[in-house]
Amino acid sequence: IIVKFIIAFDPGYSIEQGTVVYKKKITLTDALCGVKFTHPSLDGDKLVVDEKSISPGDFSIFKNKGINDGDFVIIYEIIFPVNITDSVKKAIHQFEY
């Protein structure tokens, strides 16, 4: 028996030596205030992410959820707003330390 797999490539995913890497876009609001979501793993489980805040360069690792006991890594890409009104800028400046 010969089994062929046809995989549709999603540009948000990459595979590096059995480790599956997924780039997840999140809003600036979610990065600052926290984010909670689930993401399907390759074996059908739900990977639960519950982060209080996310900084540029942050990621989550799920051990043994990749290919051949590799890991599943979610790298966060923070979407920064393009246009900010003056009133929003003023409100943001109130939080500077």
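**Aromatic rings in a predicted model**

Student: Is phenylalanine 72 buried or exposed?

Tutor: Keep in mind that this model is predicted. The relative accessibility of phenylalanine 72 is 1%. Buried means under 20%, so phenylalanine 72 counts as buried.

Student: How many aromatic pairs does a search of the whole structure find?

Tutor: Good thing to ask early on! Rings of Phe, Tyr and Trp pair if their centres lie within 6.5 Å. With that cut-off, the search of the whole structure finds two.

Student: What kind of aromatic pair do tyrosine 13 and tyrosine 22 form?

Tutor: Let's look at the angle. Planes under 30 degrees apart count as stacked and those over 60 as edge-to-face. Tyrosine 13 and tyrosine 22 lie 4.6 Å apart centre to centre, with 40 degrees between the planes, and the pair is tilted.

Student: Which kind of pair do tyrosine 13 and phenylalanine 72 make?

Tutor: Their ring centres are 6.5 Å apart. The planes meet at 80 degrees, so this pair is edge-to-face.

Student: How many residues apart are tyrosine 13 and phenylalanine 72?

Tutor: Tyrosine 13 belongs to strand β1 (residues 13-16), and phenylalanine 72 to strand β6 (residues 72-79). The pair links distant parts of the chain, and the separation is 59 residues.

Student: Which residue has its charged end over the ring of phenylalanine 37?

Tutor: Here we look for a charge rather than a second ring. The charged end sits 4.6 Å from the centre of the phenylalanine 37 ring, and it belongs to lysine 24.

How values were computed. Residues numbered from 1 in each chain as written. Predicted model: local features only at pLDDT ≥ 70, side-chain atom pairs only at ≥ 80, totals over all residues. Heavy atoms only, no water. Phe/Tyr/Trp six-rings, centres within 6.5 Å; stacked < 30°, edge-to-face > 60°. Helix = DSSP H or I, 4+ residues; strand = E, 2+ residues; numbered from the N terminus. Buried < 20%, exposed > 50% of the residue type's maximum accessible area, 1.4 Å probe, protein only. Lys NZ or Arg CZ within 6 Å of the ring centre and 35° of its normal.
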